[in-house]
Amino acid sequence: MSPNGATRLFALIMVCTAFASVCPAGPPDIMSADNTVFIAKKLMTKCYNQGCPLPKMTLLRNIFNSSNLSEVGRTADQSNNFLSTFLYILNMVTGATNKNSQSPTLMDAAEARMWNCSNLPAVIRMMKNSSVNMDPSCCYMNAFVAPLSWATLTAQSENYFDSNDYNTLLWAAKPVLQDIPSARAMLPSRVGAHNMVNMMNMLQEVYTSMTEQQRAEVFNWAKDQILQNNFSCTMRPSAGPKSTTVKPCKPTLEWLDSETVTMMGPFLSSLKTDDVDSFPKETLCRYYLSGQFKSNMTAMMNPSLGRKFLQRIQECSSVPELINKLGPLACYYDVTNLTSDASKKLLPQLDACDGPTVFKLKKRLVDSLMSGSSSAQELRDLGRSVTLLSPKQLSEISSKNLKDVLQNVGNSVKWSRSQMRILVEKQLGEKKCGALSGQQLMELQSVAVGLPSCAVRNVKPQDILSNTETLKTISEHMREGQLKAMLQGLGDKVNISELVQKLAGPLLRSVSLKNLQKANITSLDQVENKTWSLSQAAYLAKKLHGLRKLQYRRLNSVLQGITCKMIDEVNGSYALDMAESMAENPQWLSKVQARCAAQKLFQTLENKTTDYFKNITAQELESIPTTLLLHLPPSKVADLPDSVCQVFLDKMGTANLTSLPLQAPSRLALAERALLCLPNGTNVSGLTSSDVSRLGPLLCELRPSMLLLMAPEVMKFSLQAVASCEHIPQPHRADLIKLVNQVFGSPSNWSAETMETLGPLVLLDDNVPSTLPNNPWMKDVLVFLKPQLTQVSDALKKKIFNLTTTTTTSSAARYRRAVNSGMSSSGTEPTEAVIEELGVDNVFWTPADLDLMSNRTFLAAVDILGSVPGYSSDQLKVLYRKAVEVFGPVSNMTESDIAQLGCVTQSFSNSELEKLPLSLDSLSGINVCGWKDSQLASVWKGVAKYNNLTAPLLGSTEMVQLSRFICGLNSSEISQLSVGAFSDAVGSMDGLQCPVKALQQLKNVAVSAFGLPCNWTEAEVSDLDSIIAGLNGSEIASLSPAVFPFISKSCIPQIPPENFAVISVAQLEALGPDNAIIVTSEQQAKLTAEQLSVLGKAAVGGQEDQRETQSAKSGSAAPSLEGISTFMKPVLFLFIGFFLL
């Protein structure tokens, strides 16, 4: 054994001995004992970073050396031990002791002194009761005793403490539960009834700090404690060595009495459907009617739980009279014939709800409330649901009352095109392009997006620039064309430097690079508290770098523009500070930047110490930002010593893996190392649910074969946890779904509750939705799950569509008409209510079903039908006929008609498109429709004719409004575009989906504006977006590799394969993982073997799976965790037997 190992073993024995001497119930969990100093240091560091003043020595002596401590029988040097240990850790925090070079012997000695805890409650009482506790310097002392208090509570029999000491320790432990995620999984094994109330009160205080999974674990733990305390039974399944001798409870046991309900508080939101039956009727009614239900159940309920609760609560006779206490149950309270007063109480509770049933209920309530007059008060009572009023209803409301409505709902609602048209007309009258005052703009709030661009162009600067926050809020919903028009208007009256300093939000991000260059930005003070676009950030980062004014901690959104070259140039002594600064703003970091920052930090650390990561200490690992630690190469992850496991698990348990490429080998390497760090990591079958919880998001990266080795109940728990993963590796999905079927049975036989839990996992298989039964609850559950899915398949959308439309039947006459027309139909007539409910999923109607729609329904729902992209040619033929039947011939349609029809205008012929009354403002509504390339020219001709435009007359605002329709200009017209206007507009023309020929023509304009491609900067490449796809082979090859991470994802698939083939190895390496994974198969087919290899490396973030490389070299596979687990079981038993001889 090494000297270090001997020292640590001796110290550990001393820790346990010291602990046992004062806390006779037995030694604590080794991980807790080992890490107490580290957790105390972490909490004290938080105090230090918050600017808390250091405690004065007189205060410390008063707390730690008080003569009052003699009452609890302390030894002569116990108080000195506490004080010296506190000062030792405080010195580590402040830098008086080198943070990363503490002696292991001193650390172990500190741990031993801290665990000598017989006088701990007395010390805490001194801190708590002292008048100086309000002193901010007490933060350090609270941090010092918190980990000791929680570890003592979780490790000892509560019989060792009297009630006063127990409550004292609970009070002191709170900071650990707030800031140390792993501590929340270390709950006491037993808490008696006399202490349970205070324990739950403390856990309720840290409820908001917990994840949903942690809340569920606390609920399950508390439930088991209550069952054992009150009924001497348990509902927990038996699980191997930790199985209990407590008898099982009867399934029908009513364990939720009034005292228990109050004690559980918000943790009751983790109730399962079966638990609802555990309420005696009187208890449940009292709980609901008292208002506790509404205050505690703040989270959105699963449909199965919500409906079960509602079923039970409706047994309480007073529910209709106290409807305002429903809370989240309102989402499932579908009733008719409510009184006006009850309707007013129910409606605002529905704001937090979503789903088809809620939409119908809201609509019904609004119609009921508006059946009489529409006074200002009645409109205010509608709240956000005022958006459910029809355009006709809005047109009948006075301008004064509408103004009050807009002020009441603010900027948080969304109106349809027809509604906005009515609201704008009512507020502005006929003078739509007249001078708009700042006051009028502020009053319009959510309707500002419906204003014509000519109106916002004329807003007076003095009216709006003094109210930056309101302007920022309004601009959040404005169209790109409106933003550019407003900027033009303001820029004509205000110096650009002054303007940039006063702007914020989307309006600031619409400032072009050309104007940003004129803003004379020379210091961080001018940029640090603003949110910039990617291209703006790239320009500013480069400029500040050139001025040697880059201070990473102050860059905020400018971090987006930092290049790998800039990161590489950071002096090694500042590498950690740079890394910490970047990691503090992970929302601005790309995967490429995170990788480069990590590589710079790792290289710096390894230059200082040989085999740095093999010998890294817990404190050193803690200092590495988690966002960057994720990028540690697999071989170095495997080398991490066991001594850092506690820190490593804490970091991984809360890690955000989004900065790590989806295919990065580090994902699996981190998961396997975290597994080995668990107490039973080498014996997967011995893992507990608490162990698995500590893996956090890394559980999602484990192979299904690993889950198979777990104990049955732990495997079930793990599969349920995996179902909530944001990402599951593609190679794992089929086996995971197969495993779910083996453990839980076929999804077609699941209950609603099982589908809610495991649905996100099995719905990864596109074949599953069609096999699901049409149970009454299925639609609610699938709609509930849909927002939780990272990708929603067409198969799932179609299933929801089918479930929605099967309840509606058409008349026999209409059905016969569809049959006679020769089209296949389901016999379902689209109604206005169903169309409103479906939204964009109206794309799944068959042409024959659409043909069944009445003209009245088409007119009432045209706004929704017109907002649906992706119609097939057959669907468009039917919708064309409906449009002509309702609005008359295309030649007679008005601008208002065309605006309502939206994407239905795709059905018009090219000659009809050329004659449409299309305003520039209306183009944003049809830009996303599935236009054919051949139609773009016709739309442009129609716009040009109606608005009296020619190519040379197009300004930057008009170019932005045209967006993809600018690709309809012919080559001669594109060559006539104003270069100045183009350079001002191009940054706001996002993701042009154009024919390659048009992109090539626009590229020529870009060359005139920005110079030769070989000189284009990162900012310019970002601004040009898809126009980069118009470069020829030699021009692409001339681009600097440094700009490739700034090429947009939408551009990559548009690059012709023959041009993509000339991209060099260096350029491919710089492409970045997000761009590399969307290279098309046609593009890949043109690449050489070397290029494909480099592209593959770029896709995984530049990492190589070094374990596989090593295995290949040695000619044998590296042993897997499964193999280690199987092999180690008999070895461990042999070792233990030998040790006990």
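What percentage of the 1141 residues in the protein chain is buried? In this predicted model, buried residues make up 53% of the chain. The secondary structure comprises 67 helices and 2 strands, and the accessible surface amounts to about 48200 Å², with carbon and sulfur atoms contributing 51% of that area. Of the contacts in the chain with a separation of 6 or more, 69% are between residues that stand 24 or more positions apart.

The buried part of the chain can be described through its nonpolar cores. In soluble globular proteins, nonpolar side chains tend to be buried together. The largest nonpolar core contains 254 residues, and within this core Phe-309 and Tyr-552 have the most contacts. Helix H7, which spans residues 138-155, gives the most to this core, namely 10 residues. At least three residues are drawn into the core from domain 1 (27-66 + 82-96 + 105-209), and at least three likewise from domain 2 (214-236 + 248-329). When neighbours within four places in sequence are left aside, Phe-309 is in contact with Leu-271, Val-276, Phe-279, Leu-284, Phe-293, Met-297, Met-301 and Leu-329. Apart from the largest core lies another, of 91 residues, which includes Met-853, Phe-908, Leu-913 and Leu-1039.

A charged residue may also be examined in this setting. Lys-223 belongs to helix H10, which covers residues 212-231, and its relative accessible area is 13%, which is under 20%, so Lys-223 counts as buried. Beyond the residues up to four places away in sequence, Lys-223 touches Met-235, Trp-255, Met-264 and Asp-275.

A search of the whole structure for enclosed spaces finds 2 cavities of 30 Å³ or more. The second largest cavity has a volume of about 40 Å³, and its lining consists of Lys-591, Pro-661, Leu-662, Gln-663, Pro-1073, Asp-1074, Ile-1077 and Ala-1099.

Backbone angles were also considered. Most residues other than glycine have a negative phi. Asn-556, however, has a positive phi, near 50°, and is located in the loop between helix H30 (534-546) and helix H31 (564-568). Asn-948 also has a positive phi, near 55°, and is placed in the loop between helix H54 (933-946) and helix H55 (956-962). As for accessibility, Asn-556 has a relative value of 22%, which lies between the limits of 20% and 50%, and therefore counts as partly exposed, whereas Asn-948 has a relative accessible area of 65%, which is over 50%, and is therefore exposed.

Technical notes. Residues numbered from 1 in each chain as written. Predicted model: local features only at pLDDT ≥ 70, side-chain atom pairs only at ≥ 80, totals over all residues. Heavy atoms only, no water. Helix = DSSP H or I, 4+ residues; strand = E, 2+ residues; numbered from the N terminus. Buried < 20%, exposed > 50% of the residue type's maximum accessible area, 1.4 Å probe, protein only. Contact = heavy atoms within 4.5 Å. Areas by Shrake-Rupley, 256 points an atom, 1.4 Å probe, with all protein chains shown as cover. Core = buried A, V, L, I, M, F, W, Y, C linked by side-chain atoms within 4.5 Å. Domains from an automatic or database assignment. 1 Å grid on protein atoms, 1.4 Å probe; cavity = no way out; pocket = protein on both sides within 12 Å on 5 of 7 lines; lining within 4 Å. Points joined across faces, edges and corners; volume = space filled by probe spheres on them.
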